[in-house]
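Hi everyone, thanks for making the time. I'd like to walk you through one model today, so let's put it up on the screen.

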Amino acid sequence: MKLTVLLNLLLFCHVASTVKHSLKYFLTATSGVPNFPEFMGTMMVDEVLVGYYDSNIKTAELKQDWMRKLIKDEPQHLEWYSLKCFGSQQVFRANLDSLKQRLNQTGGAHIFQRMNGCEWDDETGEVVGYNQYGYDGEDFLALDLQTLTWTAPKQQAFITKLRWDNDKARLEHNKNYYIHRCPDWLRKYLQYGRSSLQRTERPSVSLLQKTPSSPVSCHATGFYPDRAMMFWRKDGEEIHEDVDLGEILPNHDGSFQMSVELNLSSVAPEDWRRYDCVFHLSGVVDDIVTRLDKAVIRTNWVPPTGFPAGPVIGVVVGLLLLLLLVVCIAGLFIWRRNSNGFRPANTGQ
(Lines give C-alpha, C1' and ligand atoms only; values in the text may rest on other atoms or scores of the structure.)
Protein backbone atom coordinates (compact mmCIF):
# COMPACT_ATOMS: atom_id res chain seq x y z
CA MET A 1 0.00 0.00 0.00
CA LYS A 2 2.82 2.40 0.86
CA LEU A 3 4.52 1.69 -2.44
CA THR A 4 1.25 2.54 -4.21
CA VAL A 5 1.16 5.88 -2.40
CA LEU A 6 4.73 6.50 -3.53
CA LEU A 7 3.97 5.80 -7.17
CA ASN A 8 0.84 7.94 -7.07
CA LEU A 9 2.85 10.86 -5.72
CA LEU A 10 5.48 10.41 -8.41
CA LEU A 11 2.86 10.45 -11.13
CA PHE A 12 1.07 13.38 -9.45
CA CYS A 13 -2.36 14.65 -10.38
CA HIS A 14 -2.62 16.51 -13.68
CA VAL A 15 -4.42 19.83 -13.40
CA ALA A 16 -5.62 21.49 -16.58
CA SER A 17 -4.49 25.10 -16.92
CA THR A 18 -3.86 27.43 -19.85
CA VAL A 19 -1.44 29.88 -18.20
CA LYS A 20 0.31 28.23 -15.25
CA HIS A 21 3.63 26.41 -15.64
CA SER A 22 5.40 24.30 -13.05
CA LEU A 23 8.83 22.97 -12.09
CA LYS A 24 8.62 20.12 -9.59
CA TYR A 25 11.11 17.85 -7.88
CA PHE A 26 10.26 14.55 -6.18
CA LEU A 27 12.90 13.03 -3.88
CA THR A 28 12.26 9.70 -2.16
CA ALA A 29 14.22 7.57 0.31
CA THR A 30 13.00 4.06 1.07
CA SER A 31 13.76 1.39 3.64
CA GLY A 32 12.58 -2.19 3.51
CA VAL A 33 10.94 -1.84 0.07
CA PRO A 34 12.10 -4.80 -2.06
CA ASN A 35 13.12 -4.32 -5.68
CA PHE A 36 13.08 -0.53 -5.33
CA PRO A 37 15.99 1.95 -5.17
CA GLU A 38 16.88 3.26 -1.71
CA PHE A 39 16.84 6.76 -3.16
CA MET A 40 15.40 8.27 -6.30
CA GLY A 41 14.72 11.73 -7.67
CA THR A 42 12.72 13.08 -10.60
CA MET A 43 12.37 16.52 -12.16
CA MET A 44 9.21 17.49 -14.05
CA VAL A 45 8.39 20.55 -16.13
CA ASP A 46 4.68 21.09 -16.78
CA GLU A 47 4.11 17.50 -15.58
CA VAL A 48 6.58 16.12 -18.19
CA LEU A 49 9.45 13.97 -16.89
CA VAL A 50 12.70 15.76 -17.69
CA GLY A 51 15.37 14.21 -15.42
CA TYR A 52 15.81 11.07 -13.33
CA TYR A 53 18.31 9.79 -10.74
CA ASP A 54 18.42 6.82 -8.39
CA SER A 55 20.89 5.14 -6.06
CA ASN A 56 21.35 2.21 -8.46
CA ILE A 57 22.42 4.11 -11.58
CA LYS A 58 24.19 6.86 -9.54
CA THR A 59 23.90 9.43 -12.33
CA ALA A 60 21.39 12.01 -13.51
CA GLU A 61 19.64 10.94 -16.72
CA LEU A 62 18.05 13.44 -19.11
CA LYS A 63 14.70 12.39 -20.59
CA GLN A 64 14.01 15.17 -23.12
CA ASP A 65 15.98 16.25 -26.21
CA TRP A 66 15.53 19.93 -25.41
CA MET A 67 17.08 19.39 -21.97
CA ARG A 68 20.09 17.75 -23.62
CA LYS A 69 20.41 20.85 -25.80
CA LEU A 70 20.37 23.06 -22.70
CA ILE A 71 23.03 20.94 -21.00
CA LYS A 72 25.18 21.14 -24.12
CA ASP A 73 24.97 24.93 -23.92
CA GLU A 74 25.41 24.99 -20.12
CA PRO A 75 27.33 21.89 -18.92
CA GLN A 76 27.51 23.22 -15.36
CA HIS A 77 23.75 22.75 -15.11
CA LEU A 78 24.06 18.96 -15.19
CA GLU A 79 26.99 19.05 -12.77
CA TRP A 80 24.85 20.99 -10.29
CA TYR A 81 22.04 18.44 -10.55
CA SER A 82 24.37 15.47 -10.19
CA LEU A 83 25.98 16.91 -7.04
CA LYS A 84 22.57 17.88 -5.66
CA CYS A 85 21.18 14.38 -6.20
CA PHE A 86 24.19 12.69 -4.61
CA GLY A 87 24.09 15.06 -1.61
CA SER A 88 20.34 14.62 -1.17
CA GLN A 89 20.77 10.86 -1.20
CA GLN A 90 23.02 11.06 1.87
CA VAL A 91 20.79 13.57 3.69
CA PHE A 92 17.57 11.67 3.00
CA ARG A 93 19.12 8.40 4.10
CA ALA A 94 20.18 9.98 7.38
CA ASN A 95 16.76 11.61 7.90
CA LEU A 96 14.96 8.33 7.30
CA ASP A 97 17.20 6.46 9.75
CA SER A 98 16.70 9.21 12.34
CA LEU A 99 12.92 9.09 11.99
CA LYS A 100 12.82 5.31 12.33
CA GLN A 101 14.94 5.50 15.47
CA ARG A 102 12.85 8.30 17.01
CA LEU A 103 9.58 6.46 16.28
CA ASN A 104 11.03 3.14 17.45
CA GLN A 105 10.52 1.49 14.06
CA THR A 106 12.97 -1.37 13.68
CA GLY A 107 11.51 -3.11 10.64
CA GLY A 108 8.96 -2.94 7.85
CA ALA A 109 8.75 -0.69 4.81
CA HIS A 110 9.18 3.06 5.30
CA ILE A 111 9.24 5.97 2.86
CA PHE A 112 10.50 9.54 3.35
CA GLN A 113 9.65 12.00 0.57
CA ARG A 114 9.96 15.62 -0.48
CA MET A 115 7.97 17.44 -3.14
CA ASN A 116 9.24 20.93 -3.88
CA GLY A 117 9.22 23.41 -6.72
CA CYS A 118 7.33 26.41 -8.03
CA GLU A 119 4.49 27.49 -10.30
CA TRP A 120 4.58 30.56 -12.53
CA ASP A 121 1.60 32.25 -14.16
CA ASP A 122 2.78 33.57 -17.52
CA GLU A 123 -0.12 36.05 -17.68
CA THR A 124 -0.08 37.59 -14.21
CA GLY A 125 3.56 36.83 -13.31
CA GLU A 126 2.45 35.32 -9.99
CA VAL A 127 4.92 32.86 -8.44
CA VAL A 128 4.00 30.19 -5.89
CA GLY A 129 6.75 28.13 -4.25
CA TYR A 130 6.38 25.07 -2.05
CA ASN A 131 8.49 22.62 -0.08
CA GLN A 132 6.67 19.67 1.50
CA TYR A 133 7.79 16.49 3.23
CA GLY A 134 5.91 13.25 3.72
CA TYR A 135 6.57 10.12 5.76
CA ASP A 136 4.96 6.75 5.06
CA GLY A 137 2.38 8.33 2.77
CA GLU A 138 1.24 11.07 5.19
CA ASP A 139 2.03 14.79 5.43
CA PHE A 140 4.99 15.42 7.72
CA LEU A 141 6.29 19.00 7.28
CA ALA A 142 5.53 21.95 4.99
CA LEU A 143 7.27 25.29 4.57
CA ASP A 144 5.21 28.48 4.86
CA LEU A 145 7.06 31.00 2.69
CA GLN A 146 4.96 33.88 4.02
CA THR A 147 6.02 33.43 7.64
CA LEU A 148 9.23 31.48 6.95
CA THR A 149 8.22 28.79 9.42
CA TRP A 150 7.54 25.07 9.16
CA THR A 151 4.13 23.56 9.88
CA ALA A 152 3.87 20.10 11.43
CA PRO A 153 0.50 18.33 11.01
CA LYS A 154 1.84 15.31 12.91
CA GLN A 155 3.07 15.37 16.51
CA GLN A 156 6.03 13.21 15.50
CA ALA A 157 7.30 16.06 13.30
CA PHE A 158 7.21 18.76 15.98
CA ILE A 159 10.79 18.21 17.13
CA THR A 160 12.02 18.57 13.54
CA LYS A 161 9.89 21.72 13.08
CA LEU A 162 11.51 23.44 16.08
CA ARG A 163 15.00 22.58 14.89
CA TRP A 164 14.36 23.73 11.30
CA ASP A 165 12.62 26.93 12.45
CA ASN A 166 15.83 27.91 14.22
CA ASP A 167 17.92 27.45 11.06
CA LYS A 168 17.42 31.01 9.75
CA ALA A 169 20.07 30.72 7.03
CA ARG A 170 18.31 27.72 5.54
CA LEU A 171 14.94 29.51 5.65
CA GLU A 172 16.33 32.52 3.78
CA HIS A 173 17.94 30.22 1.22
CA ASN A 174 14.58 28.50 0.68
CA LYS A 175 12.80 31.82 0.24
CA ASN A 176 15.32 33.05 -2.35
CA TYR A 177 15.26 29.75 -4.25
CA TYR A 178 11.49 29.26 -4.48
CA ILE A 179 10.61 32.90 -5.18
CA HIS A 180 13.45 33.81 -7.55
CA ARG A 181 15.78 31.02 -8.71
CA CYS A 182 13.16 28.32 -9.30
CA PRO A 183 10.91 30.45 -11.56
CA ASP A 184 14.00 31.73 -13.43
CA TRP A 185 15.00 28.15 -14.21
CA LEU A 186 11.41 27.29 -15.12
CA ARG A 187 11.31 30.11 -17.68
CA LYS A 188 14.61 28.89 -19.13
CA TYR A 189 13.28 25.34 -19.45
CA LEU A 190 10.12 26.61 -21.12
CA GLN A 191 12.22 28.55 -23.62
CA TYR A 192 14.24 25.48 -24.59
CA GLY A 193 11.30 23.08 -24.54
CA ARG A 194 8.63 25.34 -25.99
CA SER A 195 8.07 23.32 -29.18
CA SER A 196 7.63 20.13 -27.17
CA LEU A 197 6.05 21.29 -23.91
CA GLN A 198 3.53 23.66 -25.44
CA ARG A 199 2.47 21.68 -28.52
CA THR A 200 -1.09 20.46 -28.56
CA GLU A 201 -2.78 17.77 -30.63
CA ARG A 202 -6.54 17.35 -30.57
CA PRO A 203 -7.93 13.80 -30.54
CA SER A 204 -10.55 11.97 -32.54
CA VAL A 205 -13.55 11.18 -30.33
CA SER A 206 -15.91 8.24 -30.88
CA LEU A 207 -18.87 6.68 -29.11
CA LEU A 208 -18.45 2.91 -28.65
CA GLN A 209 -20.76 0.19 -27.32
CA LYS A 210 -20.26 -3.58 -27.13
CA THR A 211 -23.96 -4.54 -27.01
CA PRO A 212 -27.21 -2.56 -26.83
CA SER A 213 -27.30 -3.16 -23.05
CA SER A 214 -23.65 -2.24 -22.42
CA PRO A 215 -22.47 1.18 -21.19
CA VAL A 216 -21.63 3.71 -23.91
CA SER A 217 -17.94 4.58 -23.95
CA CYS A 218 -16.78 8.01 -25.10
CA HIS A 219 -13.27 7.34 -26.38
CA ALA A 220 -10.64 9.95 -27.30
CA THR A 221 -7.32 9.00 -28.89
CA GLY A 222 -4.37 10.83 -30.41
CA PHE A 223 -4.24 13.82 -28.05
CA TYR A 224 -1.18 15.57 -26.60
CA PRO A 225 -0.19 16.47 -23.92
CA ASP A 226 -1.72 14.13 -21.36
CA ARG A 227 -3.13 17.00 -19.30
CA ALA A 228 -6.73 16.39 -20.29
CA MET A 229 -10.18 15.99 -18.78
CA MET A 230 -13.16 14.02 -20.03
CA PHE A 231 -16.66 13.78 -18.60
CA TRP A 232 -20.35 13.23 -19.37
CA ARG A 233 -22.97 15.97 -19.06
CA LYS A 234 -26.75 15.89 -18.72
CA ASP A 235 -28.62 19.01 -19.77
CA GLY A 236 -25.29 20.84 -19.79
CA GLU A 237 -24.32 19.86 -16.21
CA GLU A 238 -21.43 17.49 -15.42
CA ILE A 239 -22.59 14.20 -13.90
CA HIS A 240 -20.79 11.54 -11.84
CA GLU A 241 -23.50 8.95 -11.16
CA ASP A 242 -23.33 5.89 -13.46
CA VAL A 243 -20.07 7.26 -14.92
CA ASP A 244 -16.76 5.36 -14.98
CA LEU A 245 -13.69 7.42 -15.89
CA GLY A 246 -10.72 5.48 -17.29
CA GLU A 247 -7.02 6.27 -17.00
CA ILE A 248 -5.00 8.25 -19.51
CA LEU A 249 -2.96 5.69 -21.47
CA PRO A 250 -0.05 6.18 -23.89
CA ASN A 251 -0.23 5.33 -27.59
CA HIS A 252 2.71 3.89 -29.53
CA ASP A 253 3.27 7.22 -31.34
CA GLY A 254 3.69 9.25 -28.15
CA SER A 255 0.13 10.56 -28.05
CA PHE A 256 -2.46 9.53 -25.47
CA GLN A 257 -5.92 8.02 -25.19
CA MET A 258 -8.66 7.91 -22.57
CA SER A 259 -12.33 7.01 -22.24
CA VAL A 260 -15.28 7.60 -19.96
CA GLU A 261 -18.27 5.23 -19.79
CA LEU A 262 -21.91 6.06 -19.16
CA ASN A 263 -24.36 3.42 -17.93
CA LEU A 264 -27.71 4.03 -19.66
CA SER A 265 -29.63 1.07 -18.21
CA SER A 266 -32.00 3.39 -16.32
CA VAL A 267 -32.26 6.05 -19.05
CA ALA A 268 -35.25 6.08 -21.39
CA PRO A 269 -34.33 6.13 -25.13
CA GLU A 270 -36.08 9.47 -25.61
CA ASP A 271 -33.80 11.02 -22.96
CA TRP A 272 -30.53 10.09 -24.67
CA ARG A 273 -30.45 13.45 -26.47
CA ARG A 274 -30.01 15.18 -23.08
CA TYR A 275 -26.51 13.69 -22.68
CA ASP A 276 -23.21 14.68 -24.25
CA CYS A 277 -19.53 13.86 -23.75
CA VAL A 278 -16.96 16.65 -23.24
CA PHE A 279 -13.22 16.41 -23.87
CA HIS A 280 -11.01 19.26 -22.58
CA LEU A 281 -7.31 19.54 -23.44
CA SER A 282 -5.04 21.81 -21.43
CA GLY A 283 -3.96 24.82 -23.48
CA VAL A 284 -6.88 24.54 -25.92
CA VAL A 285 -9.83 26.89 -25.54
CA ASP A 286 -12.48 24.94 -27.47
CA ASP A 287 -13.71 21.67 -25.99
CA ILE A 288 -14.80 18.72 -28.13
CA VAL A 289 -18.46 18.02 -27.40
CA THR A 290 -20.05 14.79 -28.69
CA ARG A 291 -23.82 14.44 -28.32
CA LEU A 292 -25.16 11.02 -27.41
CA ASP A 293 -26.81 9.71 -30.56
CA LYS A 294 -27.56 6.04 -31.22
CA ALA A 295 -26.98 6.61 -34.95
CA VAL A 296 -23.28 7.48 -34.46
CA ILE A 297 -22.40 4.76 -31.94
CA ARG A 298 -19.84 2.30 -33.30
CA THR A 299 -20.18 -1.37 -32.38
CA ASN A 300 -19.14 -4.85 -33.52
CA TRP A 301 -22.32 -6.40 -32.18
CA VAL A 302 -24.36 -8.47 -34.68
CA PRO A 303 -28.04 -9.07 -33.80
CA PRO A 304 -29.09 -12.76 -33.75
CA THR A 305 -31.57 -14.04 -36.40
CA GLY A 306 -34.86 -15.95 -35.72
CA PHE A 307 -33.29 -19.36 -36.41
CA PRO A 308 -29.74 -20.41 -35.72
CA ALA A 309 -28.03 -20.40 -39.11
CA GLY A 310 -25.44 -23.03 -38.29
CA PRO A 311 -27.78 -25.95 -37.45
CA VAL A 312 -30.12 -25.17 -40.41
CA ILE A 313 -27.26 -25.25 -42.89
CA GLY A 314 -26.01 -28.48 -41.34
CA VAL A 315 -29.39 -30.21 -41.77
CA VAL A 316 -29.72 -29.09 -45.42
CA VAL A 317 -26.23 -30.31 -46.28
CA GLY A 318 -26.90 -33.61 -44.52
CA LEU A 319 -30.10 -34.22 -46.48
CA LEU A 320 -28.36 -33.46 -49.80
CA LEU A 321 -25.57 -35.92 -48.99
CA LEU A 322 -28.12 -38.61 -48.05
CA LEU A 323 -30.03 -38.10 -51.31
CA LEU A 324 -26.80 -38.33 -53.30
CA LEU A 325 -25.92 -41.58 -51.54
CA VAL A 326 -29.35 -43.13 -52.35
CA VAL A 327 -28.97 -42.20 -56.06
CA CYS A 328 -25.49 -43.73 -56.21
CA ILE A 329 -26.67 -47.01 -54.59
CA ALA A 330 -29.67 -47.30 -56.93
CA GLY A 331 -27.48 -46.70 -60.01
CA LEU A 332 -24.99 -49.33 -58.90
CA PHE A 333 -27.77 -51.91 -58.33
CA ILE A 334 -29.21 -51.37 -61.84
CA TRP A 335 -25.76 -51.67 -63.45
CA ARG A 336 -25.04 -54.98 -61.70
CA ARG A 337 -28.39 -56.52 -62.78
CA ASN A 338 -27.72 -55.57 -66.44
CA SER A 339 -24.28 -57.18 -66.30
CA ASN A 340 -25.84 -60.55 -65.21
CA GLY A 341 -27.84 -60.95 -68.46
CA PHE A 342 -31.07 -59.34 -67.55
CA ARG A 343 -32.70 -57.64 -70.48
CA PRO A 344 -35.69 -55.41 -70.69
CA ALA A 345 -38.92 -57.48 -71.06
CA ASN A 346 -40.15 -57.97 -74.60
CA THR A 347 -43.67 -56.66 -74.67
CA GLY A 348 -44.21 -57.34 -78.37
CA GLN A 349 -46.92 -59.95 -79.37
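**Hairpins, a sheet and a serine**

Let's start at a turn: D136 has a positive phi near 55 degrees, and it belongs to the hairpin of strand 6 and strand 7, where two residues lie between the strands. Before I go on, please keep in mind that this is a predicted model.

The two strands of that hairpin, strand 6 at residues 127–135 and strand 7 at residues 138–144, are antiparallel and share four bridges. If you'd like a pair to look for, find Y133, whose bridge partner in strand 7 is L141.

Now follow strand 7 onwards. It makes another hairpin with strand 8, this time with four residues between the strands. In that turn, L148 is the residue to click on, with a positive phi of about 50 degrees. Three bridges hold the antiparallel pairing of strand 7 with strand 8, which covers residues 149–151. Across from T149 in strand 8 you'll find D144.

Let's step back for a moment to the whole chain. How many helices and strands does the protein chain have? The count is seven helices and 17 strands. The chain has 349 residues, and 38% of them count as buried. Its accessible surface is about 21200 Å², with 56% of that belonging to carbon and sulfur atoms. Looking at contacts with a separation of 6 or more, 54% are between residues 24 or more positions apart.

Next, a sheet. Strands pair in a sheet through backbone hydrogen bonds, parallel or antiparallel. Here we have an open sheet of four strands, ordered 12-11-16-17, with antiparallel pairing. Which strands sit at the edges? They are strand 12, at 237–238, and strand 17, at 288–291, and each of them pairs on one side only. Strand 12 is joined by two bridges to strand 11, residues 228–234, and those two run antiparallel. One bridge to point out is K234 with E237 in strand 12.

My last stop is S206, in strand 9, which spans residues 204–208. Is this serine buried or exposed? S206 counts as buried, because its relative accessibility is 16% and the cut-off is under 20%. Its side chain makes a polar contact of 3.2 Å with the side chain of R298. Beyond its neighbours within four places in sequence, S206 is in contact with S217, C218 and H219, as well as R298.

That's my tour, and I'm happy to rotate anything you'd like to see again.

Key. Residues are numbered from 1 along each chain as its sequence is written. This is a predicted model: local features need pLDDT of at least 70, side-chain atom pairs count only at pLDDT 80 or more; totals for chains, interfaces and linings use all residues. Side-chain values use heavy atoms; hydrogens and water are left out. Two strands pair if DSSP finds at least two bridges between them. Buried means under 20% relative accessible area, exposed over 50%, partly exposed in between (1.4 Å probe, protein chains only). Contact means heavy atoms within 4.5 Å. Accessible areas come from the Shrake-Rupley method with a 1.4 Å probe; for residues, only the protein chains shown count as cover. A polar contact is a pair of N or O atoms within 3.5 Å; within protein, one must be able to donate a hydrogen and the other to accept it, and residues adjacent in sequence count only if both atoms are side-chain atoms.
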